[in-house]
Amino acid sequence: MPTDDQRWLAAAAALAERGRPLSRPNPAVGALLVADERVVGRGWTQAGGRPHAEAMALAEAGALAKGATCYVTLEPCAHASERGPACADLLAAAGVARVVAGVTDPDTRTAGRGKARLRAAGITAQSCGDPAAAASLSGYLARAALGRPHVTLKLATSLDGCIALADGTSRWITGPVARAHAHRERARADAILVGGGTLRADAPKLDVRLPGLEDRAPRRLVLTRQAVPDGWTALPDPAAIHDLPDVQYLFVEGGAEAAAAFLRADLVDRLLLYRAPVLLGGGLPALADLGLAGLWQAHDRWALADRRHFTPDTLEIYTRTR
């Protein structure tokens, strides 16, 4: 893939973040219209899934869309609906010269048909398998390929791997900057889950306490077979996430038993490990038993994707290697 295409697709993927998670049940898509190395239109999937990113970019570009290149994270849709026309048709009508899609749409209503319709209109169209675009659509792609949400597990620990003192005191191990980042991650999720023990011991609100994002609090789930308070949904086991409607991104936040249950079931795709520069010694461990038969089962499962510093804490982001 040409470097310029990769650069513009990365920019479109960053733009797509603005649509998450409000675009549900549709994926959060980003689109840029570029002419003579200048952005003439940009868009992302709007709340509730419409208008689509391409429609927003075309509306901004107006007549400047003619002859431009459209960089879009997901193949333009080929199916019209009561909520709007097919994006492939909109792009053709606008007279764009080229469409570069980061990912082919796995939806059988499009799945290559979007590109075919564009080519039939004389437009150069391609999908690139772009990593940045795929990452921005990880929840949508997980639902299509695995029949479940993309799962992020968050752990906030001391240097010696504890999440609380022996008496259960855990507020606060990490500092305010790391906690603010965790709230940003909450705001990007469709649903958030804790274990039954955490719910009974801490009665967590699991809201988003960031200015301007207070309305992004995700749906609250709890891993338990017991009755739960109003406003919560109980899941009997991790496999039940396959039955969650309209959930593309699930954020698992605690505690040790719930985290271990998802890891044992191999249902964690992304791990956020926040670590504070403190030693607790004898505190409560971050994870319960994972049931490993030997060290060989622990290796070659996680790849470091990013490392950040939130003074005084650090964050390491790992992705599951499959």
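For the pocket linings on this tour, Ala, Val, Leu, Ile, Met, Phe, Trp, Tyr, Cys and Pro count as nonpolar, Asp, Glu, Lys and Arg as charged, and the others, Gly among them, as polar. The model is predicted.

**Stop 1: the largest pocket**

Select Ser 170, Thr 198, Asp 202, Glu 253 and Gly 254. Of the 42 residues that line the largest pocket, these are the closest to its centre. The pocket has a volume of about 1,000 Å³. Its lining has 20 nonpolar, eleven polar and eleven charged residues.

Which element gives the most to this lining? Colour α8 (196-202). α8 gives the most, with six residues. Now add β6 (150-157), β7 (162-164), α7 (176-187), β8 (191-195), β11 (249-254), α9 (256-264) and β13 (284-285); each of them supplies at least two lining residues.

**Stop 2: the eight-strand sheet**

Show the strands as cartoon. Eight of them form an open sheet with mixed pairing. Trace the order: β10-β9-β8-β11-β6-β12-β15-β14. β10 (233-235) and β14 stand at the edges. Each has a single partner strand, so one side of each is left without a neighbour in the sheet. On average, neighbouring strands of this sheet are turned by 25 degrees against each other, direction ignored.

Zoom in on β6 and β11. They pair in the parallel sense, over four bridges. Pick His 150: its bridge partner in β11 is Tyr 249.

Next, select α7. This helix lies across β6, β8, β11, β12 (270-275), β14 and β15. α7 runs at about 160 degrees to β12.

**Stop 3: the hairpin**

Move to β14 (residues 302-310) and β15 (residues 313-320). Eight bridges join these two strands, which run antiparallel. They form a hairpin with two residues between them. At the turn, select Phe 310; its bridge partner in β15 is Asp 313.

**Stop 4: the second largest pocket**

Select Ala 135, Ser 136, Ser 138, His 150 and Arg 270. They are the closest to the centre of the second largest pocket, out of 32 lining residues. You met His 150 at the second stop, as the bridge partner of Tyr 249. About 740 Å³ of space lies in this pocket. The lining divides into 15 nonpolar, six polar and eleven charged residues.

Colour the contributors: α1 (3-16), α5 (131-136), α6 (138-146), β6, α7, β11, β14 and β15 each supply at least two residues of this lining. Both hairpin strands, β14 and β15, are in that list.

**Stop 5: the cavity**

How many cavities of 30 Å³ or more are there? The count comes to one. About 50 Å³ of space lies in the largest cavity. Select its lining: Arg 20, Pro 21, Ser 23, Arg 24, Asn 26, Pro 27, Ala 28, Asp 190, Gln 248 and Tyr 249. By class, that is four nonpolar, three polar and three charged residues. Tyr 249 turns up here again, after pairing with His 150 across the strands.

**Stop 6: the five-strand sheet**

Go to the second sheet on the tour. This open sheet has five strands in the order β2-β1-β3-β4-β5, and the pairing is mixed. Which strands stand at the edges? β2 (38-44) and β5 (124-127) do. Each has a single partner strand, so one side of each is left without a neighbour in the sheet. The twist averages 15 degrees from one strand to the next.

Select β1 (residues 30-35) and β3 (residues 69-74). Four bridges join them, and they run antiparallel. Val 34 stands opposite Thr 69 in β3.

Now add two helices. Helix α2 (residues 53-61) packs on the sheet and touches β1, β2 and β3. Its direction makes about 140 degrees with that of β2. Helix α4 (residues 113-120) also packs on the sheet, touching β4 (98-103) and β5. The direction of α4 makes about 165 degrees with that of β5.

**Stop 7: side-chain ties**

Stay on α4 and show Arg 117 with Asp 89. Their side chains meet in a salt bridge (3.2 Å, N to O). Asp 89 lies in helix α3 (residues 87-94) and Arg 117 in helix α4, so the pair ties together parts that are 28 residues apart in sequence. The structure's salt bridge count comes to 23.

Last, select Asp 107. This residue is found in the loop between β4 and α4. Beyond its neighbours within four places in sequence, Asp 107 is in contact with His 79 and Tyr 140. Put a distance label on the C-alpha atoms of Asp 107 and Tyr 140: they are 9.9 Å apart in space and 33 residues apart in sequence.

Conventions: Residues numbered from 1 in each chain as written. Predicted model: local features only at pLDDT ≥ 70, side-chain atom pairs only at ≥ 80, totals over all residues. Heavy atoms only, no water. Pairing = 2+ DSSP bridges. Axes fitted to C-alpha atoms, helices over the stretch in contact; angles between N-to-C directions. Contact = heavy atoms within 4.5 Å. 1 Å grid on protein atoms, 1.4 Å probe; cavity = no way out; pocket = protein on both sides within 12 Å on 5 of 7 lines; lining within 4 Å. Points joined across faces, edges and corners; volume = space filled by probe spheres on them. Salt bridge = Lys/Arg side-chain N within 4 Å of Asp/Glu carboxyl O.
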